[in-house]
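Colleague: Could you take a close look at one loop for me, and then work outward from there through the rest of the chain? I'm at the bench most of the day, so plain talk is welcome.

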Amino acid sequence: MNLTEIAKVKSKYKEPIGPDKMKKTESIIEVKEEFEDGLYGIEEHEYLQVLFYFHKSEGYDLISKRRIGGEKGLFASRSPRRASGIGITTVELLKREGNKLYVYGLDAIDGTPVVDIKPYASFMDEASISLQKNNPRYKIEKMIRYQNIDELLLKAGEFHGHYCPFLALGVLAAADALKRMQKADAGMEKLLAVVETNSCFSDGIQVVSGATFANNALIYRDLGKTAVTFVSREGGNLRYYLKNDKFLEKDYTEAKELFEKVVARREGSRAEEKKLKELWKKIAFEIIEEDIAKYFKVERDIEIEVPDYAPIFEDKYCQECGEKIMAVKAVEKENQDYCKKCAQAEYIQLDGSGLTVKKFD
Ligand SMILES: [Zn+2]
Ligand SMILES: [Zn+2]
């Protein structure tokens with residue numbers, strides 16, 4: 001067997017530091033001239049798998065004590081001291097300049113020999129697809145267990161459409177609560193989230209807790225407070241209230257002023273809008289690094305009334321439009337059933353202003 005060095009890593013790290021820190025850096029893979037043609041078309045790929053050689057580590061143990069989880073066998077660990085000395089990692093390809101690949105997330109030190117590069121293919125390399133088919137919240141539960149809050153915020157951003165401080169606060173609160181309550185199996189109404197606001201905060205809560213608008217585990221109380229109570233149907237609850245409500249004014253003055261201009265007064269230019277988006281993102285990812293106590297007052301086992309499991313209602317049909325309606329929402333007029341629209345009845349709407357009573361006319 002023989003391995004060929006095809007490239008070398010250029011990194012600001014000359015010595016190994018923690019893998020978490022190393023994964024968060026940009027580095028360059030400098031491909032040897034004779035292999036440069038082999039990079040043809042690589043720009044089409046966003047992610048690459050890089051195989052490299054741990055040139056500085058010597059020897060190996062078949063069983064050793066690991067950073068997390070106690071003693072482990074060599075092949076059950078990611079130790080850099082390996083029988084063949086091969087490391088593998090997935091990186092983001094930022095750009096290519098000739099024989100240089102600028103990448104993010106390469107946990108190899110400066111001077112590491114690279115032995116192979118190939119594009120990451122989710123259908124081949126994504127290991128958790130079947131696990132996620134069995135449990136849709138598999139990944140999120142894992143993130144909660146290991147408190148990978150930044151990954152949770154990425155997930156929440158997927159759902160919410162942007163990153164913002166209040167989304168981050170929702171993520172932070174829910175990740176803390178679920179870890180403490182060890183109720184990672186939310187989503188089937190065992191864990192309820194009683195939210196007191198319909199701001200960005202509540203989207204962070206929904207994604208992380210799995211208590212959502214439509215699975216009836218999210219309960220909305222129109223109180224207008226940045227607060228949430230996580231309630232286990234098996235007993236116990238935790239309420240989080242944002243006590244540090246002036247954090248934007250205090251810690252992020254520029255962003256707060258820009259927000260007032262762009263969002264509140266709608267006077268911002270395109271450039272200012274972009275700037276705010278950037279700042280919002282930066283702040284969001286800073287917030288989740290903080291201690292929960294910096295932002296929240298946390299109370300345990302407060303007095304709270306929660307509804308029963310959502311009932312399954314029978315259906316009725318509107319006499320006028322013919323559309324099917326949940327029986328409890330039907331309006332009866334002269335022994336006939338109508339929908340609220342045809343009956344011109346009052347209904348309640350949840351929108352930016354919270355809950356409001358509306359009427360069709
Ligand atoms: Zn938002
Ligand atoms: Zn109708």
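**A loop serine and what lies beyond it**

Modeller: Let's start at Ser77, which you'll find in the loop between β5 (70-73) and β6. Bear in mind throughout that this is a predicted model. Is Ser77 buried or exposed? Ser77 is buried, because its relative accessible area is 12% and the cut-off for buried is under 20%. A polar atom of its side chain lies 3.2 Å from the backbone oxygen of Leu74. If you skip the neighbours within four places in sequence, Ser77 is in contact with Arg66, Lys72 and Arg82.

Follow the chain out of that loop and you reach β6, which covers residues 86-97. Strand β6 runs antiparallel to β7, and five bridges join the two. The hairpin they make has two residues between the strands, and Gly98 there takes a positive phi near 60 degrees. At this end of the hairpin, Glu97 stands opposite Lys100 in β7. Strand β7 (residues 100-104) also has an antiparallel partner in β2 (residues 26-31), again joined by five bridges. Lys100 turns up here too, as the bridge partner of Glu30. As a rule of thumb when you look at side chains here, those in a regular strand alternate between the two faces of the sheet. There's a charge over a ring in this stretch as well: the charged end of Lys95 sits over the ring of Tyr102, 4.5 Å from its centre.

Now step back to the layout. The domain assignment splits the chain into domain 1 (7-125), domain 2 (131-300) and domain 3 (315-359). The C-alpha centres of domain 1 and domain 2 lie 33 Å apart.

For comparison with the serine, have a look at Thr197, in the loop between β9 (191-195) and α7 (200-209). Thr197 counts as buried, because its relative accessibility is 10%, with buried meaning under 20%. A polar atom of the Thr197 side chain lies 3.1 Å from the backbone nitrogen of Ser199. Setting aside its neighbours within four places in sequence, Thr197 is in contact with Ser202, Tyr220, Arg221, Lys225 and Thr226.

Go on into α7 and you get to the aromatics. The structure holds ten aromatic pairs. In one of them, the rings of Phe201 and Phe296 have centres 6.2 Å apart and planes at 35 degrees, so this pair is tilted. Phe201 sits in helix α7 and Phe296 in strand β13 (residues 296-300), so the pair ties together parts that are 95 residues apart in sequence. How do the two rate for burial? Phe201 is buried at a relative accessible area of 0%, and Phe296 counts as buried at 3%. These two belong to one aromatic cluster with Phe230 and Tyr240.

Another pair is Phe259 and Trp280, which is stacked, with 5.4 Å centre to centre and 20 degrees between the planes. Phe259 lies in helix α9 (residues 253-264) and Trp280 in helix α10 (residues 270-287), so this pair ties together parts 21 residues apart in sequence. Phe259 is partly exposed, with a relative accessible area of 26%, whereas Trp280 is buried at 12%.

Helix α10 also holds Lys282, which is partly exposed, with a relative accessible area of 48%. Computed along the chain in residues, Lys282 and Lys359 are 77 apart, and in space they are 42 Å apart, C-alpha to C-alpha. There's a further charge over a ring to look for: the charged end of Arg233 sits over the ring of Tyr309, 4.2 Å from its centre.

Two asparagines round off the tour. Asn216 is in the loop between α7 and β10 (218-220), and its phi is near 65 degrees, a positive value in a residue other than glycine. At 40% relative accessibility, Asn216 counts as partly exposed. Asn335 also has a positive phi near 65 degrees, and its place is in the loop between β16 (331-333) and β17 (336-338). Asn335 counts as exposed, because its relative accessibility is 71% and exposed means over 50%.

Conventions
Residues are numbered from 1 along each chain as its sequence is written. Chains are lettered from A and ligands numbered from 1 in the order in which they are written. This is a predicted model: local features need pLDDT of at least 70, side-chain atom pairs count only at pLDDT 80 or more; totals for chains, interfaces and linings use all residues. Side-chain values use heavy atoms; hydrogens and water are left out. Helices (H or I, at least four residues) and strands (E, at least two) are DSSP runs, numbered from the N terminus. Buried means under 20% relative accessible area, exposed over 50%, partly exposed in between (1.4 Å probe, protein chains only). A polar contact is a pair of N or O atoms within 3.5 Å; within protein, one must be able to donate a hydrogen and the other to accept it, and residues adjacent in sequence count only if both atoms are side-chain atoms. Contact means heavy atoms within 4.5 Å. Domain bounds come from an automatic or database domain assignment. Rings of Phe, Tyr and Trp (its six-membered ring) pair if their centres lie within 6.5 Å; planes under 30 degrees apart count as stacked, over 60 as edge-to-face and the rest as tilted. A charge sits over a ring if NZ of Lys or CZ of Arg is within 6 Å of the ring centre and within 35 degrees of the ring normal. Two strands pair if DSSP finds at least two bridges between them.
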